[in-house]
Amino acid sequence: MRRFREDDGSNIVEEVLDFAALWKADSLGFEDGQIWKALEWQFKKRCGERMQYPSWELLKPLTDKLTRASPLKGRMQLGKVYFPNDASWFDACQRELLHFPAGRYDDIVDALAWVVRLTLSRQPPARHVGGAKMKGWRERLLSGRAGGVSHMGA
């Protein structure tokens, strides 16, 4: 999580692209609203200048924040959300989550709710299986000629 206040749109775009590159983000989400409308052209321009073209999605808020946060609550109840306790932002995040929806701030909860939505709408990443590579059908078939038993043996 990266949280900051900035009035300069070009600085916001740089932060987003730097953060995406640092974490090798495979997708970004931008809430459809006034801020995105002001930043969109700068974002597209800087992507071209940096030759950095992350996949991105425009997130349209069709419900209120409380309703959008329901899947986040469910994932947290299932133990499927991890927060590193030693993260510099953890205390602010925890405080906001514990006081939602009655708290003064809700930006973190809103962002996490969008992250859950983006996560649930995609396939999970393929798992890398370590160890020796399994022989293909051709290799297994050819190895049967050397006196061994092939998979086609009866």
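What follows is a conversation about a predicted model of one protein chain.

Colleague: Which pattern do the helices and strands follow along the sequence?

Modeller: The chain has seven helices and two strands. Read in sequence order, the pattern is α-β-α-β-α-α-α-α-α.

Colleague: How much of the chain is buried?

Modeller: The accessible surface comes to about 12100 Å², and carbon and sulfur atoms hold 56% of that surface. The chain has 154 residues. The buried share of these residues is 23%.

Colleague: Among contacts with a separation of 6 or more, what share joins residues 24 or more positions apart?

Modeller: These contacts are counted over the chain, starting from a separation of 6. Pairs 24 or more positions apart make up 62%.

Colleague: Which helix gives the largest share of the largest nonpolar core?

Modeller: This core has 11 residues, among them Ala69, Leu72, Phe83, Phe90, Phe100 and Val116. Helix H5 (90-99) and helix H6 (107-120) each supply at least two of its residues. The largest share is four residues, and the helix that gives it is H6.

Colleague: How many residues are in the second core?

Modeller: The second core is separate from the largest one. Its members include Leu28, Phe30, Trp36 and Phe43. The count is 10 residues.

Colleague: Which residues does the ring cluster link?

Modeller: The whole structure holds eight aromatic pairs. Some of these pairs join rings into a cluster. The linked residues are Phe30, Trp36, Phe43 and Trp56.

Colleague: Why is the pair of Trp36 and Trp56 called tilted?

Modeller: The ring centres are 5.1 Å apart, and the planes meet at 55°. Stacked needs under 30 degrees and edge-to-face needs over 60, so an angle between those limits leaves one class. The pair is therefore tilted, at 55°.

Colleague: Where in the chain do Trp36 and Trp56 sit, and how many residues apart are they?

Modeller: Trp36 is in helix H2 (residues 34-50). Trp56 is in strand E2 (residues 56-59). The pair links distant parts of the chain, with a spacing of 20 residues.

Colleague: Is Trp56 buried, exposed or partly exposed?

Modeller: Its partner Trp36 is buried, at 4% relative accessible area. Trp56 has a relative accessibility of 31%. Buried means under 20% and exposed means over 50%, so a value between the two is partly exposed. Trp56 counts as partly exposed.

Colleague: How far apart are the ring centres of Phe83 and Phe90?

Modeller: Both residues are buried: Phe83 has a relative accessible area of 17%, and Phe90 has 13%. Their planes stand at 55°, so this pair is tilted. The ring centres are 6.3 Å apart.

Colleague: Are H5 and H6 roughly parallel or roughly perpendicular?

Modeller: The axes are 8 Å apart and the angle is about 90°. Ala92, Cys93, Glu96 and Leu97 in H5 meet Asp107, Ile108, Val109 and Leu112 in H6. Angles of 65 to 115 degrees count as roughly perpendicular. That makes H5 and H6 roughly perpendicular.

Colleague: Which residues does Asp110 contact, leaving aside neighbours within four places in sequence?

Modeller: Asp110 is in helix H6. At 8% relative accessibility, Asp110 is buried. Its contacts are Glu31, Lys65 and Arg68.

Colleague: Is the peptide bond from Phe100 to Pro101 cis or trans?

Modeller: Pro101 is in the loop between H5 and H6. Most peptide bonds are trans. For Phe100 to Pro101, omega is near 5°. The bond is cis.

Colleague: What separates the C-alpha atoms of Pro101 and Lys65?

Modeller: Pro101 is exposed, at 56% relative accessible area. Phe100 has Lys65 among its contacts, together with Leu66, Ala69, Asp106 and Val109. Pro101 and Lys65 are 36 residues apart along the chain. Their C-alpha atoms are separated by 8.4 Å.

Colleague: What is phi of Lys24?

Modeller: Lys24 is in the loop between helix H1 (9-22) and strand E1 (28-31). Lys24 is exposed, at 71% relative accessibility. Most residues other than glycine have a negative phi. Lys24 has a positive value, near 50°.

Colleague: What is phi of Met51?

Modeller: Met51 is in the loop between H2 and E2. Met51 is exposed, with a relative accessible area of 69%. Its phi is positive, near 55°.

How values were computed: Residues numbered from 1 in each chain as written. Predicted model: local features only at pLDDT ≥ 70, side-chain atom pairs only at ≥ 80, totals over all residues. Heavy atoms only, no water. Buried < 20%, exposed > 50% of the residue type's maximum accessible area, 1.4 Å probe, protein only. Contact = heavy atoms within 4.5 Å. Areas by Shrake-Rupley, 256 points an atom, 1.4 Å probe, with all protein chains shown as cover. Core = buried A, V, L, I, M, F, W, Y, C linked by side-chain atoms within 4.5 Å. Phe/Tyr/Trp six-rings, centres within 6.5 Å; stacked < 30°, edge-to-face > 60°. Axes fitted to C-alpha atoms, helices over the stretch in contact; angles between N-to-C directions. Parallel < 35°, antiparallel > 145°, perpendicular 65-115°, else oblique.
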